[in-house]
Amino acid sequence: MENKEIAKEILEQVGGAHNVESVQHCATRLRIITKDQSLVNVKAVENIDKVKGSFYNSGQYQIILGTGLVDKIYDEFSSLVESSLIDTNTVESKQNQNGKWTIKRAIRIFGDVFVPIIPILVATGLFMGLRGLLTQEAVLHLFGLKTSDVPNNLITFTSILTDTAFAFLPALVAWSTFKIFGGTPIIGIVLGLMLVNPSLPNAYSVASGDAQPILFFGFLKVVGYQGSVLPAFFTAIVTSKLERFFKKIISDSLDLILRPFLTLLCGLILGLFIIGPIFHGVENYVLYAVTALLTLPYGIGGFLYGCFGQLLGILGIHHILNLLEINMLAKDGWNLLNPIGTCGNMAQAGAVLAVAIKTISSKMKQIAFPSALSATLGITEPAVFGVTLRLGKPFIMSMIGGGVGGFLASLLHLKATGMGLTGIPGALLYLNEQLPLYIFVNCVAFGVAFILTWLFGYKREESI
């Protein structure tokens, strides 16, 4: 019997799709939780070709299939259950299942990757905001303290809270991408961890000039991908497809050994030597482009960077701008990039808050309200990937809002005394005569994005 026929026969003998509450698998067994055990025909299941036995354990009906084969039967079984429960009247679902790709669907899938990650990014945003607030010299001075008085152990503890999610973001992205594209999620996690292995030069250290890329073959520059999104995303897509291919061609007896080995080997080669270097080259062009933008007169550069700078976070190459900010601070003691970039963050917060208030979807509200708060603290990933980019128009409205705010910041010659803080915590970098202007430009960016999204960018009934 073909694998699909075996899966179909198992589904029929366990009571059909509507009797399946959930299904998982281990190395050798298909594990099914049924709603009504009396509908399961155990003898008939055990008589199915290639089934080696079955039993109940802890509420699970476990069917023994063997290594390799269980993965293939699981894929077919899950597909049959899902297709049986799909509403046949939903045309869009049919089109998506037939593999019809559109820009809207691609953006939705990209957003789907981040939905499970959003709570972690929101929490990290809160941690960063609190740490930035409590460790600034101006705040410590109110209590008669200096930065040198803060215990090193406390700094270490807060660093763990603020840095972990972004240091290992590729692992989270690869895990979620593997899950969506039908790969084995644990392989995705390991592949993502390989991309940020401590043996590789840290991406932020390379961007700041404290470390150098590893040179392979005399021309390939290889770095870690801490905080990056797209290298992990595209590497995971291709590698999950490769894993599914290996699953088809490798014999069941060798599957447990060869499939993970070949998948991780090919994935790492792709990530480090093909996909990664492509994005590293893009980073250099971005650095040159942003440097040129900041020299444009009449606030034009501020407008353009305020609009399109938000795309750098999506590409996961924003850390390259750390080098530009460090050079500015070292040369003149001022950071011209920070006030423009923070307007983009506040614009995202404004757009997402408009969606949160206007929507009638409880699910949308649950995602949008905390994402808006996170954006005001400088972490926009939940807002972008969870709301604005998935909906489309709100992201455009946030770009306009960020552009208007960046235009004003450039005209007013705003400049930060440091780097690393944006949004509300970023006000600590403007504790001089600039603070009212900083608040003004961010309120403008927030307000423009909020109003445009409310009026033109979002309909109440839209959902993610």
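A residue counts as buried when its relative accessible area is under 20%, and on that basis Thr-453, at 1% relative accessibility, is a buried residue. The model discussed here is a predicted one, and Thr-453 serves as a starting point for a description that moves from single residues to helix pairs.

**Overall architecture**

The protein contains 21 helices and 6 strands, and its C-alpha trace extends over about 80 × 55 × 45 Å along the principal axes. Of the 464 residues in the protein, 47% are buried. Among the contacts with a sequence separation of 6 or more, 71% are between residues 24 or more positions apart.

**Buried residues and their surroundings**

Thr-453 belongs to helix α21, which covers residues 435-457. A polar atom of the Thr-453 side chain lies 2.7 Å from the backbone oxygen of Ala-449. When residues up to four places away in sequence are not counted, Thr-453 touches Ala-351, Ala-354, Val-355, Pro-394, Met-397 and Tyr-458. One of these partners, Val-355, also takes part in the contact of α17 with α18, a helix pair described further below.

Phe-178, in helix α9 (residues 169-180), has a relative accessible area of 0% and is therefore buried. Leaving aside neighbours within four places in sequence, the contacts of Phe-178 include Gly-183, Thr-184, Pro-185, Ile-187, Gly-188 and Leu-191, and also Ala-236, Thr-239, Ser-240 and Glu-243. Phe-178 and Lys-241 are separated by 63 residues in sequence, while their C-alpha atoms are 8.9 Å apart in space.

Ser-54 is placed in strand β3 (residues 53-57), and its relative accessibility of 14% means that Ser-54 counts as buried. Which side chains make polar contacts with the side chain of Ser-54? One is the side chain of Glu-46, at 2.9 Å, and another is the side chain of Tyr-61, at 2.8 Å. With neighbours within four places in sequence left aside, Ser-54 is in contact with Val-42, Glu-46, Tyr-61, Gln-62 and Ile-63, so that Glu-46 and Tyr-61 appear both in this list and as polar partners of the Ser-54 side chain.

In helix α1, which runs over residues 3-13, the buried residues are Ile-6, Ala-7, Ile-10, Leu-11 and Gln-13. Helix α1 is followed by Gly-15, a residue with a positive phi near 105°.

**Two helix pairs**

Helix α17 (residues 337-358) and helix α18 (residues 362-376) have axes that come within 8 Å and cross at roughly 155°. Angles over 145 degrees count as roughly antiparallel, and α17 and α18 are therefore roughly antiparallel to each other. The crossing in which α17 passes α18 is left-handed. On the α17 side the residues that meet α18 are Asn-345, Met-346, Ala-349, Val-352, Leu-353, Val-355, Ala-356 and Ile-357, and on the α18 side they are Met-364, Lys-365, Ala-368, Phe-369, Ser-371, Ala-372, Ala-375 and Thr-376. By class, this contact of α17 with α18 comprises 12 nonpolar, 3 polar and 1 charged residues.

Helix α14 (residues 300-308) packs with helix α20 (residues 393-411) at an angle of about 150°, the two axes being 6 Å apart. That angle makes α14 roughly antiparallel to α20, and the crossing of α14 and α20 is right-handed. From α14, the residues Gly-302, Phe-303, Gly-306, Cys-307 and Phe-308 meet Met-399, Ile-400, Gly-402, Gly-403, Val-404, Gly-406, Phe-407 and Ser-410 of α20. The contact of α14 with α20 divides into 7 nonpolar and 6 polar residues, with no charged residue.

**Exposed loop residues with positive phi**

Most residues other than glycine have a negative phi. Against that background, the table lists two residues other than glycine whose phi is positive.

| Residue | Phi | Location | Relative accessibility |
|---|---|---|---|
| Phe-217 | near 60° | loop between β5 (214-216) and β6 (220-222) | 63%, exposed |
| Tyr-298 | near 60° | loop between α13 (252-293) and α14 | 68%, exposed |

Tyr-298 thus lies in a loop that leads to α14, the helix that packs with α20.

Key: Residues are numbered from 1 along each chain as its sequence is written. This is a predicted model: local features need pLDDT of at least 70, side-chain atom pairs count only at pLDDT 80 or more; totals for chains, interfaces and linings use all residues. Side-chain values use heavy atoms; hydrogens and water are left out. Axes are lines fitted to C-alpha atoms, for helices over the stretch in contact, and angles run from 0 to 180 degrees between N-to-C directions. Helices (H or I, at least four residues) and strands (E, at least two) are DSSP runs, numbered from the N terminus. Angles under 35 degrees count as roughly parallel, over 145 as roughly antiparallel, 65 to 115 as roughly perpendicular and the rest as oblique. A crossing is left-handed if the near helix is turned anticlockwise from the far one by less than a right angle, and right-handed if clockwise. Contact means heavy atoms within 4.5 Å. Ala, Val, Leu, Ile, Met, Phe, Trp, Tyr, Cys and Pro count as nonpolar, Asp, Glu, Lys and Arg as charged, and the others, Gly among them, as polar. Buried means under 20% relative accessible area, exposed over 50%, partly exposed in between (1.4 Å probe, protein chains only). A polar contact is a pair of N or O atoms within 3.5 Å; within protein, one must be able to donate a hydrogen and the other to accept it, and residues adjacent in sequence count only if both atoms are side-chain atoms.
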